Amino acid sequence: MVSRNIYLQLVFRIVLIAIASLCVGYFFFEKHYILAVVCFCILLFFTSLLIHYVNQTNRKIAYFFDAIKNEDFTLRFPEKLSVKSLEELNHSLNMLNEMIQDIHLKKQAQEQYYQEIIKQADIGILTINDKGHILFANPTIEHLLDYTPLNHIKQLRQVDQKLYELFEDLNPFERKLIQLTNERERKQLTLKSTSVSSEGKDLLLVVVQDIDKELDEKETDSWVKLIRVLTHEIMNTITPITSISESILKYFKSNGTLISLKNISEDQVQNTVKGLEVIKEQGNDLMDFVQSYRSFLSLPKPDKALINADRLLNKVKVLMNQENGNQQLELTVLITPEDLELYIDEKQISQILINLCKNAMQSIASQENGKIVLKGGITKDKKKYIQVIDNGPGISPEIMDEIFVPFFTTKETGTGIGLSLSKQIMHLHGGNIHVTTGKNTSFTLIFE
């Protein structure tokens with residue numbers, strides 16, 4: 001409606017200018033010079049009115065946009081004018097100003113809401129530009145680093161030189177771990193970074209978290225599980241020894257006094273020998289158990305070298321084919337890229353892969369069309385990995401959290417140190433091992 005009225009006003013003024021121009025030309029060629037001069041003056045008057053009208057409209061719109069740019073929403077245009085089109089224009093500009101003001105206030109309220117959430121978060125958050133300036137840092141990050149205010153990463157030198165070097169070399173989508181120690185406490189911090197864009201500028205968003213509490217909880221939980229398993233294994237071994245010892249003792253002692261040799265029968269002697277043999281076997285089992293525990297705790301440092309992944313996995317395949325015997329299962333090797341190399345201790349990693357393959361073979365032993373895949377590749381995070389995948393029945397959720405606990409086993413003849421030993425070897429390599437189960441069971445070795 002406003003644009004239509006302005007359009008009509010402009011057309012009306014232009015028509016008047018055109019009529020005045022025609023009159024000037026007509027009277028001039030008819031040699032009525034006085035009337036021509038009068039019409040020319042009228043033409044100048046109409047032209048000035050048009051210029052004034054256009055300038056007045058443009059000036060209001062310019063004032064309006066300047067006010068919006070400066071976030072000044074107090075600007076108001078009069079809505080009671082003699083010119084209908086200008087009155088409607090002023091009314092529309094005032095309405096638009098109110099709408100933008102309302103959106104601006106809502107945006108500010110939402111921004112304050114999110115900032116308050118970030119301030120109250122238990123993790124440290126900061127943003128850094130390409131010149132190292134810290135544009136935002138919440139109170140948690142200042143508390144974790146024990147430094148305030150944070151304006152530039154160079155200030156981190158006063159906290160810890162290694163921390164500064166870590167931030168200086170930090171790239172998007174990286175994850176770092178650092179330990180900060182002072183006279184009061186020690187902190188284990190994880191840093192995760194990601195790239196964000198704000199107002200056309202690329203920024204680095206860094207999330208910092210103190211994981212000491214989580215590590216303590218995990219350590220305590222691991223000790224509880226380990227003690228539970230150790231107690232179970234030791235009690236299973238000692239209970240028969242105690243029971244048999246009491247039975248043998250009854251053969252030779254009654255009411256606290258020794259029984260005479262002439263009252264001891266041959267059956268009692270034979271039962272005593274059998275009992276002592278059982279005690280010996282149980283003692284040997286306990287010694288083997290302790291020896292396996294010692295081997296778990298005394299792993300040698302990895303002797304790393306660059307190893308071709310294809311050669312490694314095919315060697316494991318050959319060994320497993322010999323173990324396979326008459327079982328109808330398929331074992332394949334997939335490597336991407338074909339020239340993939342791993343910086344590892346070949347003997348230790350082979351030990352892990354052989355153990356995982358044996359577990360997979362036992363899992364699919366009773367089913368038809370069993371398949372095991374040895375897969376090597378590189379993740380999206382540029383980390384090299386090896387996977388052992390089988391199409392067996394999988395691992396039940398009830399024991400998923402227990403399988404890496406030392407000496408935990410569901411097998412009658414198992415020692416329960418295979419997977420825990422594998423995890424320990426991967427930690428010595430600076431990597432990790434994790435399992436996923438579902439349609440297929442997959443053990444993945446991740447190398448840093």
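Which residue forms a salt bridge with K315? The answer appears at the second stop of this tour, which passes through a predicted model.

**The whole chain**

Begin by displaying the entire protein as a cartoon. The elements to be found are ten helices and 14 strands. Of the 448 residues in the protein, 33% count as buried. Then switch on the surface. The accessible surface amounts to about 29200 Å², and carbon and sulfur atoms contribute 56% of that area. Contacts along the chain may also be considered here. Among contacts with a separation of 6 or more, 56% are between residues 24 or more positions apart.

**Helices α8 and α9**

Select helix α8, residues 309-324, and helix α9, residues 346-363. Now show the side chains of K315 and E346. E346 is the partner sought in the opening question: K315 forms a salt bridge with E346, and their closest N and O atoms are 3.0 Å apart. This pair links distant parts of the chain, with K315 in helix α8 and E346 in helix α9, 31 residues apart.

Add R311 to the selection. R311 also forms a salt bridge with E346, the closest N and O atoms being 3.3 Å apart. Here too the pair links distant parts of the chain, since R311 belongs to helix α8 and E346 to helix α9, 35 residues apart. Taken together, R311, K315 and E346 are linked in a network of salt bridges.

Is E346 buried or exposed? E346 is buried, because its relative accessible area of 19% is under the 20% limit. R311, at 43% relative accessibility, counts as partly exposed, and K315, at 33%, likewise counts as partly exposed.

**Helix α3**

Move next to helix α3, residues 84-120, and select D102 and K106. These residues form a salt bridge, with 3.5 Å between the closest N and O atoms. Both lie in helix α3, four residues apart, which is about one turn of the helix. K106 is exposed, with a relative accessible area of 56%, whereas D102 is partly exposed at 37%. The count of salt bridges in the protein comes to three. As a general principle, side chains of opposite charge can pair when their charged atoms come close.

**Helix α7**

Now select helix α7, residues 266-297. Which residues form a negative surface patch? Show E277, E281, D285 and D288, which make up this patch. E277 is found in helix α7 and is partly exposed, with a relative accessible area of 46%. D285 is also placed in helix α7 and counts as partly exposed at 42% relative accessibility. Add T237 to the display and draw a distance between C-alpha atoms. D285 and T237 are 48 residues apart along the chain, and their C-alpha atoms are separated by 7.5 Å.

Remain in helix α7 and select T272. T272 is buried, with a relative accessible area of 9%. Which residues is T272 in contact with, leaving aside its neighbours within four places in sequence? Show I248, Y251 and F252, for these are the residues in contact with T272.

**The loop between β11 and β12**

Proceed to the strands β11, residues 370-378, and β12, residues 384-390, and select D381 in the loop between them. D381 is exposed, with a relative accessible area of 56%. Then select E174 as well. D381 and E174 are 207 residues apart in sequence, and their C-alpha atoms are 8.4 Å apart in space.

**Helix α10**

The final stop is helix α10, residues 418-428. Show the side chains of L419, S420, L421, S422, I425 and M426, which are buried. Continue past the helix to G430. This residue follows α10, and its phi is positive, near 80°.

Terms used:
Residues are numbered from 1 along each chain as its sequence is written. This is a predicted model: local features need pLDDT of at least 70, side-chain atom pairs count only at pLDDT 80 or more; totals for chains, interfaces and linings use all residues. Side-chain values use heavy atoms; hydrogens and water are left out. Patches are made of residues with over 30% relative accessible area and no salt bridge: like charges are joined within 9 Å, nonpolar side chains (Val, Leu, Ile, Met, Phe, Trp, Tyr) within 5 Å. Accessible areas come from the Shrake-Rupley method with a 1.4 Å probe; for residues, only the protein chains shown count as cover. A salt bridge is a side-chain nitrogen of Lys or Arg within 4 Å of a carboxyl oxygen of Asp or Glu. Lys and Arg count as positive and Asp and Glu as negative; His and the chain ends are not counted. The place of a charge is taken as NZ of Lys, CZ of Arg, CG of Asp or CD of Glu. Helices (H or I, at least four residues) and strands (E, at least two) are DSSP runs, numbered from the N terminus. Buried means under 20% relative accessible area, exposed over 50%, partly exposed in between (1.4 Å probe, protein chains only). Contact means heavy atoms within 4.5 Å.
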